[in-house]
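Biologist: Could you take me through one part of this assembly up close, the place where two of its chains meet? I'm in my first year, so please keep it plain and take it one step at a time.

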Number of protein chains: 6
Amino acid sequence: MLRLSTPGFERFVQSKQFDVTFGGGEANVAASLAQLGLDAYFLSKIPKHEVGQAAVNHLRRFGVSDRFIVRGGERLGIYFLETGASQRPSKVIYDRAGSSVSGLRADEIDFDAVFEGATWFHWTGITPALGPTARETLRAALKAAREQGVTVSCDLNFRKKLWSPEEAQATMRPLMEFVDVCIANEEDTQLSLGVEAHDVDVETGSLSLEHYAEIAQALKEQYEFKAVAITLRESISASRNGWSAMMLDDRECSPAYRSSQYDIQLVDRVGGGDSFAAGLIYGLIRETDTRRALEIGVAASALKQTIPGDFNICSITEVMALVDGGGSGRIQR
Amino acid sequence: MLRLSTPGFERFVQSKQFDVTFGGGEANVAASLAQLGLDAYFLSKIPKHEVGQAAVNHLRRFGVSDRFIVRGGERLGIYFLETGASQRPSKVIYDRAGSSVSGLRADEIDFDAVFEGATWFHWTGITPALGPTARETLRAALKAAREQGVTVSCDLNFRKKLWSPEEAQATMRPLMEFVDVCIANEEDTQLSLGVEAHDVDVETGSLSLEHYAEIAQALKEQYEFKAVAITLRESISASRNGWSAMMLDDRECSPAYRSSQYDIQLVDRVGGGDSFAAGLIYGLIRETDTRRALEIGVAASALKQTIPGDFNICSITEVMALVDGGGSGRIQR
Amino acid sequence: MLRLSTPGFERFVQSKQFDVTFGGGEANVAASLAQLGLDAYFLSKIPKHEVGQAAVNHLRRFGVSDRFIVRGGERLGIYFLETGASQRPSKVIYDRAGSSVSGLRADEIDFDAVFEGATWFHWTGITPALGPTARETLRAALKAAREQGVTVSCDLNFRKKLWSPEEAQATMRPLMEFVDVCIANEEDTQLSLGVEAHDVDVETGSLSLEHYAEIAQALKEQYEFKAVAITLRESISASRNGWSAMMLDDRECSPAYRSSQYDIQLVDRVGGGDSFAAGLIYGLIRETDTRRALEIGVAASALKQTIPGDFNICSITEVMALVDGGGSGRIQR
Amino acid sequence: MLRLSTPGFERFVQSKQFDVTFGGGEANVAASLAQLGLDAYFLSKIPKHEVGQAAVNHLRRFGVSDRFIVRGGERLGIYFLETGASQRPSKVIYDRAGSSVSGLRADEIDFDAVFEGATWFHWTGITPALGPTARETLRAALKAAREQGVTVSCDLNFRKKLWSPEEAQATMRPLMEFVDVCIANEEDTQLSLGVEAHDVDVETGSLSLEHYAEIAQALKEQYEFKAVAITLRESISASRNGWSAMMLDDRECSPAYRSSQYDIQLVDRVGGGDSFAAGLIYGLIRETDTRRALEIGVAASALKQTIPGDFNICSITEVMALVDGGGSGRIQR
Amino acid sequence: MLRLSTPGFERFVQSKQFDVTFGGGEANVAASLAQLGLDAYFLSKIPKHEVGQAAVNHLRRFGVSDRFIVRGGERLGIYFLETGASQRPSKVIYDRAGSSVSGLRADEIDFDAVFEGATWFHWTGITPALGPTARETLRAALKAAREQGVTVSCDLNFRKKLWSPEEAQATMRPLMEFVDVCIANEEDTQLSLGVEAHDVDVETGSLSLEHYAEIAQALKEQYEFKAVAITLRESISASRNGWSAMMLDDRECSPAYRSSQYDIQLVDRVGGGDSFAAGLIYGLIRETDTRRALEIGVAASALKQTIPGDFNICSITEVMALVDGGGSGRIQR
Amino acid sequence: MLRLSTPGFERFVQSKQFDVTFGGGEANVAASLAQLGLDAYFLSKIPKHEVGQAAVNHLRRFGVSDRFIVRGGERLGIYFLETGASQRPSKVIYDRAGSSVSGLRADEIDFDAVFEGATWFHWTGITPALGPTARETLRAALKAAREQGVTVSCDLNFRKKLWSPEEAQATMRPLMEFVDVCIANEEDTQLSLGVEAHDVDVETGSLSLEHYAEIAQALKEQYEFKAVAITLRESISASRNGWSAMMLDDRECSPAYRSSQYDIQLVDRVGGGDSFAAGLIYGLIRETDTRRALEIGVAASALKQTIPGDFNICSITEVMALVDGGGSGRIQR
């Protein structure tokens, strides 16, 4: 998607320039993985015109291969972003009806080529919400991934502007059969899968770890996930958030493990969840201890929230320095 | 429409910021008329969200009343603009499918209120190209205008991305019955109404006045226009254009009259035609000699092309200074 | 006034560009009221040149009617602003001697037209400080407002660069007879009206509610105000302030009521008091419980301080969301 | 003066930022001389506040000594600049009533220190136009300069916003007794000294060299100038000007000599006359052939008009390269 | 190289920001070829730090493969650029002593991998000027290319800051044995190879086609080139240049053929020669008529000079439109 | 040095513009002293080209005399800066090998002129780390200073990119004989002089005053310093630091005195140590109580860290206001 954001803390009606970048759930994960040092491919459909080309170039610039990007369709999805501060929340206005990717058909993709030698396939709950064509294409991709023995992760990522909880659940539940690693935030499990988060006030962000452990347990059993990871954001204000995550699996994160917590002065919180997913995927591929994988996910996404734009432009060295205790922010000369 | 343009002479794939302004045919005419000192109203439909509000605010800022703007619908049309230079042409990418105005229904407008006391109604060929709903609403507006005795002008404004010449002609021809003043550029008469411009090379812009006089004559007779005005752009390069116009009517512009010619160092040529229409309308309302009305249109639009953005931010004093010979650009202290 | 501020946290001597916007006490209140959804008019005098026109356009853009703005005089008042951070305070340099509004005469205004159908008239202590002409014009306006039964509010707004406490008190005290709602900050009551605030250290901002309740009581009795509202700023640093207000009236704010307190990460604190006045006025017009009116004032002005520029560009929906508990700053998609 | 200009080709009512620099006749000459390699001092009065300090710093940055700048008074003069293009002229709005320099008294200056060892004193017709105090201070300076045997040049620089031709002539004529080198543009001689330029159309800039030679002759005789230099600007448009000068003296420029002519694509024409004066002064001090001095003045000022801001930031090496034929603009690596 | 350029027409001493991009002879050719649609690889050495990474990302963004870029060494070469206007020339300050690429050794490159399946190898005269290590590495590359039967082109590109004509000739002459296509500008043949260009005034750019044809003939015979192409720049001013080229080969350009001539309003002339080389290479690979190959080179480089930055961001469609007569710069909607 | 920093919180690989300023240890101290009101000179070598000139102009602008700056050599040292936030540290990339100053020879300086009438000479540990030439020149300067009875201060300023602790100690220890006032941060004493700081975790910044007092005592005795001052930074995050200092001397700071502590919201922490040195030097020259001198140093450097750029642009009035309790950041109108 094309992201158009107001500079500084300007409101939409004040701006004479929009900062231009590109992002969106899966693209953000791919870019983040590429920054961490893995080979990353982005599977999507993008219009042929120059604004579409700019999106492709942006992915290439940050190391994502454009090999499997289909070019065509009418338009690039757009979202407008206004960054909040203190008591004033950030705002997102979506303008993505009719985007090229919503019309991407399965027959436009060579799944054999896509999954040959692939290790991991990641998708988010936004894709099936884009419409029936996207939904079918996704289902075909998931089947192909399964056949190739590729590990699949899904970030539930419920978006209320795209569909209702009822629609989401009807679509998402059957797709969970293809998922190995389920990633969610505080609200997603309830909205996308109907697993309720009792007694949680997501507005104030007072968090009950026990509660989320129960939800993770329920999800894991119901859908036979290998792992369930939930990000935990404490919204102190639009300028400052607490940030951590928990994970439940059958390995080091059993019982459920809660990561380190970060007190973040926010620069740009968009893409926080995606960078968490990327860090976690990296960790699950490269680390032996899944608790450390979770810590990588949380540290990576804490750093992301200090970087402008959707992408997490952090090397694995930088992430590891934070995991290993370097949160003091001392200047590096 | 939201206009997003690359700064300076950057190409789309280079930009990290887009300049933000708002424009579009009829809005540009309304804003230009307000700058010239007339009361101007803009009739359209704009979404309720903050980007839509920014469009409304932009109109208010430049003196256009928002009294008849309907708020609602899904999205604001967008166009992307890259400014060319020398041998490199400017480029426009439209992204306006599904815009709110394309769904504006006649029953959402109180035509009695709109036309009560109104002097003039201006529309462009873009509106009926937006789809059947816009077309019907336009037809209703034209009928109401006629009933109230309001003078109507139309800028043919053919857009090949919106429809084919055949579609355009099928729609536009019947609408001409409501038009008093027909405004066109070199190509429009052929594409929108099928009146051919023989022997004209619009690419190089070598212009034959006699030829356009014939076309104007044909148009005037066929549709019983009170006046036909045609802008004449000589495209020397993307940095420099010749600019003039001709008009045929039953008054001072009979026989056809060609205006002064301006050699323009282009700053922003978008909106040139709209500012011509506005200047001409102003002149036809306020001046007694229609040749002077034409000169006002041409001078106003020459100035527009030195101003960034779609709107012609020029006072009538400034336009008159140019009409009366002040093209030397001497600094005014 | 034309406001010229250094970008980011630059000092005056560093800047190569100034951010340009327009503001000033009463203009800020008018714009804020228009954003909240009320009809707002600004009564002033602004020079005819283009910089003056830009000021008028800015007001129109944000919904303020320019119907009663007189055009003429020599210059637009200017203020230069440097935004501080942490231990470094923000700085304002005024350059408004000889501004057009200081020469606005009563005979230039049609008070009948101004107050016909009006509900509320707001002024600040800056206006009479601009000189004898402004003072007399204000007095004439207040008389006319009273005759029309318009409610009047005054923000005392003492400015030491414009006059001494002695001059202020000699002028302001007699004008209080026309005031229904008196608005002040911690220092204003002492400086503008001579009602002392014992034992308060405004530098550090340690606040004694009892103390301000006493002052409000004294003011209310002496001048027979319907309500006295005092904003309470705790200056922790140039980056962070505590913010609340108290009000005393004969309704729900009797005894004195202190609002919710906000811990604000400041983006732009200029105009905080004006947005409070506007929020309070809105609340007193639209709400039945005056405590809620005060909460609207405080919430509106908390939001203002997160927005660049003098104007509080917030909808009533946004303010109400904060009043009703939405201070967590969660992103709104 | 503080110069606030709109970026690019924006009109005043469009700008959200103003470019900030500092300039003004005598300051521009001083800065230009410093860039050319001479010791230069600026004699003025500037307020103590930080915006005043920024002006002082700007002069220091470009090599002008602040040793004789008096600090005090109320305000720094301001001018607003909008850069035109093609048929649209540049515009200047002055806001300098009550500036500190207009109140500079002779007793605030130690003329002995100022002129000790000085070679040249330059003033412009703007200074005496600022009011009686500035006029008297100037007269005192001129007397002191004469007593010290310092050469004096004057750029007549008539400004119609400051005074009428009648006022100007009454003041300027007596001051000519102190002037050795008189510098003027096409209009100044008539407006400031009443020496008429018959048959010249300054708007279109068609120039008659003979005519200007006559004027120079008349001036030289009447006021016993050692040299009279007149700049000749042909205003083709706001984007392109012809530029040259002529001079009459008793040396190599007798009979009157016309310089090379430059066809300039304008970047910023403000300060063109000042940079001419500086180049000429430099040439008269350093060169033996006064025709070469004139060529230096014209070349320096041609270069100035390609540089943003009031100051001519050109080394003498660069000026000489142009004088000696390097006008092809080939890149220098 | 890191390119740091002043914004707009600012001089070095005025700028508070530098525009950042990346470029340099061979990189520019690679990027241009990638934009035209060919697979392009860049062979160089770039430091590991983040500024080096930004250079790599820039290449990837514009489609150049980073597969053969060696990472290491101390620093990235830098050049500072100031864009001239009218009579004021552009200026380049080089700061590339000790750059990583100057220390790139042949043993750091796997030439088999580099040239496997390669069609063309392009180098410029800047590389051997960087020092003995770069020279040897280049020689090794040329040998490997020859062995693989890869066509080799060389842009002579003499840089007087790097070496003297004598040094250049001593180094370049022996390297010509490996070259198939020799590309030069007006001065290069004399400075790099000692083939004199009699009677040509490169400053004013008056060009004698016959003369260049003779030089090309001499070069072709002496070094047995398959083709010799010479760009012909007429420096009218820093804002406007004439631009064309001539070529001599044994095919359609025998006798020597001169291309179309373009009158260019310059936006950014840096990289003009590189984009010519790329266009010519593209043409020689894809076209059957070598005159058309030359026209592609000239048209591509004419377009480049209207685009900011070193890279020629033009599609082959755009170049062909210009070759086929579309130089009128008409807006493309 | 030329400082190139990414705007806002951008990472190096994101930026399209770099903010340009100039700085470096000794230059920062000189500029800060000039801002505080003392006469300051900078002794260095800077290349003759325009980027070098921009550095000189920057110093002049902020009041530093360029009288003793030698012009010549090949290049200006550069450093790239990326400003961190929250858990993400700021990063500096140095590019200063071969800078002009590293080749400054003693015979290029007239030490008699430099130290005639001088009060104080300040140097940092960076200078001798630049190479043998710089080291010898420094030693010559120190000898000359001693002969003239000038007080000498040294900021140890260890830079691990320039040399190892062993190299540093071998060079720095003998130079301490010329030093009166030794300034250091938490790490410098160990790295530059080998006086170990036991048990201190500089990462988290938990500080033990007793410990630093012991180090200061050891240093003072070993090198017979008149005073030892150590800055104490608590790195809470890249956005927020605690800041204070301690000093030991034979006057009011005996026993060791710890200054007030500031909780700083960082804007730009680079140059913090230099501004401390400048404030301390100012205080030691102008104040009678050395504790107050230390407080001036700490307050000055607290303010610096809220100002963009290397230089501390603060007047002594502003510093004193903070020393005397004005840390609340209340707006100053």
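Modeller: Sure, let's start with one pair of side chains: B:E187 and E:R330 meet in a salt bridge, with N and O 3.4 Å apart. Keep in mind that this is a predicted model. That bridge has company, since the count between chain B and chain E is 3 salt bridges. Polar contacts join in too: 13 residue pairs make them across the interface of chain B and chain E, both residues of each pair having pLDDT 80 or more.

Now, which elements of chain B give two or more residues to the side that touches chain E? They are β8 (91-95) and β12 (227-235). The largest share comes from β8(B), with 3 residues. If you sort that side of chain B by class, you get 10 nonpolar, 7 polar and 12 charged residues.

Let's step back to the whole interface. The size of an interface is often given as the accessible area lost when the parts come together. Here, chain B and chain E bury about 2400 Å² between them, and 50% of that is on carbon and sulfur atoms. Which residues of chain B lose the most area to chain E? Look for B:R11, B:Q14 and B:Q87, which together make up 25% of what that side buries. In terms of contacts, 29 residues of chain B touch 23 residues of chain E.

How do the two chains sit relative to each other? Two copies of a chain are related by a rotation about an axis and a shift along it. For this pair, a turn of 120 degrees and a shift of 0.0 Å along the axis lay chain B on chain E with an RMSD of 0.0 Å. The residue of chain B that comes closest to the rotation axis is B:G8, its C-alpha being 5.1 Å away.

You can now try the pair of chain C and chain F. Chain C goes onto chain F by a turn of 120 degrees, with a shift of 0.0 Å along the axis and an RMSD of 0.0 Å. That is how a three-fold axis relates copies. In chain C, the C-alpha nearest the axis belongs to C:G8, at 5.1 Å.

The contacts of this pair involve 28 residues of chain C and 23 residues of chain F. About 2400 Å² is buried between chain C and chain F, with carbon and sulfur atoms giving 50%. On the side of chain C, the residues that lose the most area to chain F are C:R11, C:Q14 and C:Q87, together 25% of what that side buries.

There are 3 salt bridges between chain C and chain F. One of them joins C:E187 to F:R330, where the closest N and O atoms are 3.4 Å apart. The polar contacts across this interface come to 13 residue pairs, both residues at pLDDT 80 or more. Strand β8 (residues 91-95) of chain C gives the most to the side that touches chain F, with 3 residues. By class, that side of chain C has 10 nonpolar, 7 polar and 11 charged residues.

One last stop, on aromatic rings. The structure holds 42 aromatic pairs over all chains. Take A:F18 and A:F80: their ring centres are 6.0 Å apart and their planes are at 65 degrees, so this pair is edge-to-face. Because A:F18 lies in strand β2 (residues 17-22) of chain A and A:F80 in strand β7 (residues 78-82) of chain A, the pair ties together parts that are 62 residues apart in sequence.

Terms used
Residues numbered from 1 in each chain as written. Chains lettered and ligands numbered in written order. Predicted model: local features only at pLDDT ≥ 70, side-chain atom pairs only at ≥ 80, totals over all residues. Heavy atoms only, no water. Least-squares fit on C-alpha atoms with pLDDT ≥ 70 in both. Contact = heavy atoms within 4.5 Å. Buried area = accessible area lost by both parts, 1.4 Å probe. Salt bridge = Lys/Arg side-chain N within 4 Å of Asp/Glu carboxyl O. Polar contact = N/O pair within 3.5 Å; in protein donor to acceptor, adjacent residues only side chain to side chain. Helix = DSSP H or I, 4+ residues; strand = E, 2+ residues; numbered from the N terminus. Nonpolar A, V, L, I, M, F, W, Y, C, P; charged D, E, K, R; others polar. Phe/Tyr/Trp six-rings, centres within 6.5 Å; stacked < 30°, edge-to-face > 60°.
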